[in-house]
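Biologist: I'm new to this one. Could you walk me through how to read it?

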Amino acid sequence: MTLNIPEPTEAERVFKALAEGGTAIMPLEETFWAHKFGVLVDRFGTQWMVNCEKPK
């Protein structure tokens, strides 16, 4: 699943909530395309990508 979230602070909140009891594969961090991007597997085994893109 991919979540595109417009605000970095909201992306951090969502990533933290989904990671509770799960595993962060790629910690939420800045990339060349995003203010914040991270990948995790939640406690139910669902993989998530959380993305907060930089303005174009």
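**Contacts, sheet and core**

Modeller: Let's start with one residue: leaving aside neighbours within four places in sequence, Ile5 is in contact (heavy atoms within 4.5 Å) with Glu10, Ala11, Val14, Val50, Asn51, Cys52 and Glu53. This is a predicted model, where local features need pLDDT of at least 70, side-chain atom pairs count only at pLDDT 80 or more, and totals for chains, interfaces and linings use all residues. Residues are numbered from 1 along each chain as its sequence is written, and side-chain values use heavy atoms, with hydrogens and water left out.

Biologist: Which residues make up the largest nonpolar core?

Modeller: In soluble globular proteins, nonpolar side chains tend to be buried together. A nonpolar core is a set of buried Ala, Val, Leu, Ile, Met, Phe, Trp, Tyr and Cys residues joined through side-chain atoms within 4.5 Å; buried means under 20% relative accessible area, with a 1.4 Å probe and protein chains only. Here the largest has eleven residues: Ile5, Ala11, Val14, Phe15, Leu18, Ala19, Leu28, Leu40, Trp48, Val50 and Cys52. Helix α1 gives the most, five residues.

Biologist: In what order do the strands of the open sheet come?

Modeller: Strands are DSSP runs (E, at least two residues), as are helices (H or I, at least four), numbered from the N terminus. Two strands pair if DSSP finds at least two bridges between them. The four strands run β1-β4-β3-β2, with mixed pairing. At the edges sit β1 (2–4) and β2 (23–29), each pairing on one side only.

Biologist: How do β2 and β3 pair?

Modeller: They're antiparallel, over four bridges, and a hairpin of four residues joins β2 to β3.

Terms used
Buried < 20%, exposed > 50% of the residue type's maximum accessible area, 1.4 Å probe, protein only.
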